[in-house]
Amino acid sequence: ASGFYTVTTIADSGAGSLRQAIVDANADAIGPSLTIYFDSALSGTIVLASPLPELNNASGFSITIDGYTAMGAAVNTDLKKFNGTVTVEIDGTALTGSESALTISGIGCLVKGLAINRCGNGPGTTAISIGGAVCSVEGCLIGTDLTGTAVPSPANVYGIRITGANNRVGDTFDAARNVISGCSIAGVLISGASNNSIYESLIGTDKDGAGPLPNDTGILINTGAADNSVIGNVISGNTTGLAINGVGTVRTAALGNLIGLTADGALALANGTGVLLSNGTTSNVIGVGEGSGNVISGNNTGVQIQDSGTSFNTVLNNTIGLRQDETAAVGNMTGVGISSNASDNLIGGTAGSDGNLISGNTVGIAIDGAFTDNNRVEGNKIGTDPAGVMSIGNMTGVLITSGPKNNVIGGT
């Protein structure tokens with residue numbers, strides 16, 4: 001084997017197909033690095049009759065599938081949007097149950113430059129499932145058509161499902177940006193998995209980050225997932241942008257995301273809820289340190305913390321209710337809400353860079369419920385400009401209702 005496998009037909013099977021290339025790459029015993037290319041004269045739609053073989057070389061070698069070698073394909077170069085061209089599409093209409101168009105089970109595998117859509121005819125059908133480790137998905141259109149502006153039917157149920165460790169969706173360079181939109185349950189699901197990162201992708205929008213192509217939930221982290229990171233994404237247009245859910249789901253870090261805004265950071269592109277912490281999740285950090293906060297604006301609720309056992313979460317150094325440049329309001333109806341028995345959470349902090357800027361909202365911070373106790377709101381600027389000099393008011397700065405106890409507003 002040469003280590004290089006070329007796809008020469010958009011047929012689902014047989015010589016020259018992507019399916020056969022995966023079979024051959026999986027069997028390669030020479031390695032150490034294997035690449036599946038697309039012929040430079042090839043483009044079009046591969047209509048699957050069944051899931052593709054798992055990407056998992058028998059000798060443990062990494063495999064790359066590079067859709068950017070196909071005819072007319074080009075990587076993204078834009079700093080905020082997706083201006084790349086993807087010319088190979090995978091149609092998962094035939095999938096049922098919880099089948100995935102592509103499953104990555106190996107180590108160090110990379111998939112880039114594909115559009116994967118129509119995985120919507122089963123309760124758990126998925127475009128890409130990652131059960132392996134140190135694998136990456138880069139520069140893909142997950143859920144949209146090749147234009148990146150529409151969601152073909154049936155919509156993917158899940159875009160990317162991650163159950164392995166140390167994987168990446170996107171990266172810190174522009175060519176790795178994905179568009180992950182239009183999924184009926186979640187654009188990205190991290191289930192019971194640790195140390196995965198979602199970087200600099202457009203989640204719930206079109207390729208320009210300007211219009212909504214909603215996922216029900218943009219990113220869903222649950223079932224005991226730990227130490228995952230959500231960094232530098234545009235998470236907008238979804239019912240819920242980022243949901244961190246459940247007992248044992250801990251230590252998620254969300255940094256530098258635009259949540260509820262267009263990719264240029266100027267206009268509302270609302271989620272129903274920007275960030276939702278619920279059902280007993282603990283020790284998550286939404287925004288970390290100076291320069292690492294999120295901009296959470298334009299949503300119905302910016303950050304919602306709720307339910308018994310949802311504790312010891314921190315929301316710090318975020319801009320909540322303003323444009324990215326912090327010059328004007330793009331308000332949430334509620335900036336931060338704490339309710340339904342959530343306790344011992346911290347909004348802001350006493351270190352110099354820990355406070356949030358919570359301005360331009362209908363309600364800045366709302367604490368509600370008889371057992372929503374022992375939360376702290378400290379060190380924030382509520383209703384001001386970044387300098388704390390000019391007013392960019394909330395209609396109500398802090399609203400406490402229905403008898404919560406022992407919550408602290410202010411302090412050093």
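This is a short talk on the sheet, the pockets and the salt bridges of one protein model.

Good morning. One thing up front: the model is predicted. Let's start with the sheet.

It is an open sheet of 12 strands, and the pairing is parallel. The order runs β3-β5-β8-β11-β14-β17-β20-β23-β26-β29-β32-β35. Which strands sit at the edges? They are β3, residues 44-47, and β35, residues 381-382. Each of these two pairs on one side only. As a reminder, strands of a sheet pair through backbone hydrogen bonds, either parallel or antiparallel.

Now zoom in on one pair. Strand β26 covers residues 295-296, and strand β29 covers residues 319-320. They pair in the parallel sense over 2 bridges. Find Val295 on your screen. Opposite Val295 stands Thr319 in β29.

Keep your eye on Thr319, and we move to the pockets. Thr319 is among the residues that lie nearest the centre of the largest pocket. The others named there are Asn317, Asn318, Glu326 and Gly355. In total, 24 residues line this pocket. Its volume is about 480 Å³. What is the lining made of? It divides into 16 polar, 5 nonpolar and 3 charged residues.

The second largest pocket holds about 180 Å³ of space. Its lining has 14 residues. Nearest the centre are Leu79, Lys80, Arg177, Gly232 and Val234. Here the split is 6 polar, 5 nonpolar and 3 charged.

Last topic: salt bridges. How many are there? The count comes to 13. I will show three.

First, Asp91 with Arg118. Their closest N and O atoms are 3.8 Å apart. This pair links distant parts of the chain, 27 residues apart. Asp91 is in strand β5, while Arg118 is in the loop between β8 and β9. Is Asp91 buried or exposed? Its relative accessibility is 10%, so Asp91 counts as buried; the cut-off is under 20%. There is also a network here: salt bridges link Glu89, Asp91 and Arg118.

Next, Asp373 with Lys405. The closest N and O atoms are 3.5 Å apart. Asp373 lies in the loop between β33 and β34, and Lys405 in the loop between β36 and β37, so the pair ties together parts that are 32 residues apart in sequence. Asp373 is buried, at 10%. Lys405 is partly exposed, at 38%.

Finally, Asp208 with Lys207. Again, the closest N and O atoms are 3.5 Å apart. Asp208 is partly exposed, with a relative accessible area of 30%. Lys207, at 22%, also counts as partly exposed.

That's my tour. Thank you.

Conventions:
Residues numbered from 1 in each chain as written. Predicted model: local features only at pLDDT ≥ 70, side-chain atom pairs only at ≥ 80, totals over all residues. Heavy atoms only, no water. Pairing = 2+ DSSP bridges. Helix = DSSP H or I, 4+ residues; strand = E, 2+ residues; numbered from the N terminus. 1 Å grid on protein atoms, 1.4 Å probe; cavity = no way out; pocket = protein on both sides within 12 Å on 5 of 7 lines; lining within 4 Å. Points joined across faces, edges and corners; volume = space filled by probe spheres on them. Nonpolar A, V, L, I, M, F, W, Y, C, P; charged D, E, K, R; others polar. Salt bridge = Lys/Arg side-chain N within 4 Å of Asp/Glu carboxyl O. Buried < 20%, exposed > 50% of the residue type's maximum accessible area, 1.4 Å probe, protein only.
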